[in-house]
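Below are some notes for a colleague who is about to look through this model, set out as numbered points. Please read them with the coordinates open.

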Amino acid sequence: MGGQILISLSDCLHGYHSLSGESTSKLEQLSQKITVKRNSLLIEQDKTQKDIYFLASGLARVYYETPKRQITLDFVSPGGTLISMNSYVHDTPGYENIDLLEDSVVYRINQQQLFELYESDIAIANWGRKMAELEFIKAEHRTMAKLFNTAQERYAELLQKYPQYIQRIKLGYIASYLGVSQVTLSRIRANIHTNF
């Protein structure tokens with residue numbers, strides 16, 4: 001992970017909603033900082049996920065797998081959350097896979113222990129509500145972008161969102177995210193780069 005940034009758990013948490021030092025400390029005490037190898041699958045579709053992860057360093061991909069192909073839903077950079085919303089909200093199997101595209105550091109928090117904290121600390125409960133709201137808004141944004149934006153517009157947005165990471169993502173994953181072939185992606189890239 002030579003030279004990569006390492007985001008603190010506190011910064012990951014405060015990216016959703018501010019917390020007091022005491023509440024932050026409670027969440028930090030629940031967490032476990034772990035190093036995960038590239039190509040590791042943190043969350044698997046069709047399984048109930050009992051942990052929530054915050055990405056401290058590295059890069060992750062969220063995707064759905066069908067019998068014929070993988071469909072990339074999103075990429076997650078440091079400071080982001082790696083979570084199965086179905087498991088989080090309904091305690092049922094999720095639809096997504098989340099794998100790490102490079103060696104990474106994550107903070108893992110057990111969901112049940114987190115839910116117990118929601119019962120005893122209203123500030124943490126409000127933080128959890130805000131986190132869930134923002135994760136749902138991100139999912140809605142992805143859906144709306146797929147419905148109303150062209151592949152070229154979505155690629156431009158990806159460039160803007162992940163300027164320092166785009167070169168580290170395989171072109172096949174980007175093509176899958178855009179819903180185009182790699183040949184079409186090459187054309188989009190050539191077109192966008194000639195306009196800058």
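1. In helix 2, which spans residues 21-30, the buried residues are Ser 23, Thr 24 and Leu 27. Because they cover an arc of only 100 degrees around the axis, these three residues are on the same side of helix 2. The face turned away from that buried side carries Gly 21, Glu 22 and Gln 29, which are exposed. Please keep in mind throughout that this is a predicted model.

2. What do the buried residues of helix 2 pack against? Their partners are helix 1 (9-14), strand 8 (104-110), helix 4 (111-120) and helix 5 (122-148), and the contact with helix 5 can be described in further detail. The axes of helix 2 and helix 5 come within 9 Å and cross at roughly 70 degrees. Since angles of 65 to 115 degrees count as roughly perpendicular, helix 2 and helix 5 are therefore described as roughly perpendicular to each other. On the helix 2 side the residues taking part are Ser 23, Lys 26 and Leu 27, and they meet Ala 123, Ile 124 and Trp 127 of helix 5. Sorted by class, this contact has 4 nonpolar, 1 polar and 1 charged residues. Ser 23 and Leu 27 thus appear both among the buried residues of helix 2 and in the contact with helix 5.

3. One open sheet consists of 4 strands in the order 1-8-3-6, and its pairing is antiparallel. Its edge strands are strand 1 (32-36) and strand 6 (81-82), each of which pairs on one side only. Strand 1 is joined to strand 8 in the antiparallel sense over 5 bridges, and within the model Gln 32 stands opposite Arg 108 of strand 8. Helix 4 lies across strand 3 (51-57) and strand 8, and runs at about 55 degrees to strand 8. Strand 8 and helix 4 are also among the elements against which the buried residues of helix 2 pack.

4. Two loop residues deserve a look at their backbone angles. Most residues other than glycine have a negative phi. For Asn 39, however, phi is near 70 degrees, a positive value in a residue other than glycine, and this residue is placed in the loop between strand 1 and strand 2 (41-43). Asp 46 likewise has a positive phi, near 70 degrees, and is not a glycine; Asp 46 is found in the loop between strand 2 and strand 3. Is Asp 46 buried or exposed? With a relative accessible area of 58%, Asp 46 is exposed, because the exposed class begins over 50%.

5. A further open sheet is formed by 4 strands in the order 2-7-4-5, again with antiparallel pairing. Strand 2 and strand 5 (70-76) are the edge strands, and each pairs on one side only. On average, and with direction ignored, neighbouring strands of this sheet are turned by 30 degrees against each other. Strand 2 pairs with strand 7 (residues 97-100) in the antiparallel sense over 2 bridges; Leu 41 stands opposite Asp 99 in strand 7. Helix 7 (residues 171-178) packs on the sheet, where it touches strand 4 (60-65) and strand 5, and its direction makes about 100 degrees with that of strand 5.

6. Strand 7 can be followed residue by residue. Asn 97 and Asp 99 point one way from the strand, Ile 98 and Leu 100 point the other way, and all are buried. Ile 98 has Ile 43 standing opposite. With strand 4, strand 7 runs antiparallel and is joined by 4 bridges, and the bridge partner of Ala 60 in strand 7 is Leu 100.

7. Why does Asp 99, which lies in strand 7, count as buried? Its relative accessibility is 5%, and the buried class takes in values under 20%. Leaving aside residues up to four places away in sequence, Asp 99 touches Ser 40, Leu 41, Leu 59, Ala 60, Arg 61 and Tyr 63. One of these, Leu 41, is the residue that stands opposite Asp 99, while another, Ala 60, has Leu 100 as its bridge partner. Asp 99 and Asp 46 can be set side by side here, since Asp 99 counts as buried at 5% relative accessibility, whereas Asp 46 is exposed at 58%.

Methods. Residues are numbered from 1 along each chain as its sequence is written. This is a predicted model: local features need pLDDT of at least 70, side-chain atom pairs count only at pLDDT 80 or more; totals for chains, interfaces and linings use all residues. Side-chain values use heavy atoms; hydrogens and water are left out. Buried means under 20% relative accessible area, exposed over 50%, partly exposed in between (1.4 Å probe, protein chains only). The arc is that of the directions from the helix axis to the C-beta atoms. Contact means heavy atoms within 4.5 Å. Two strands pair if DSSP finds at least two bridges between them. Axes are lines fitted to C-alpha atoms, for helices over the stretch in contact, and angles run from 0 to 180 degrees between N-to-C directions. Angles under 35 degrees count as roughly parallel, over 145 as roughly antiparallel, 65 to 115 as roughly perpendicular and the rest as oblique. Ala, Val, Leu, Ile, Met, Phe, Trp, Tyr, Cys and Pro count as nonpolar, Asp, Glu, Lys and Arg as charged, and the others, Gly among them, as polar.
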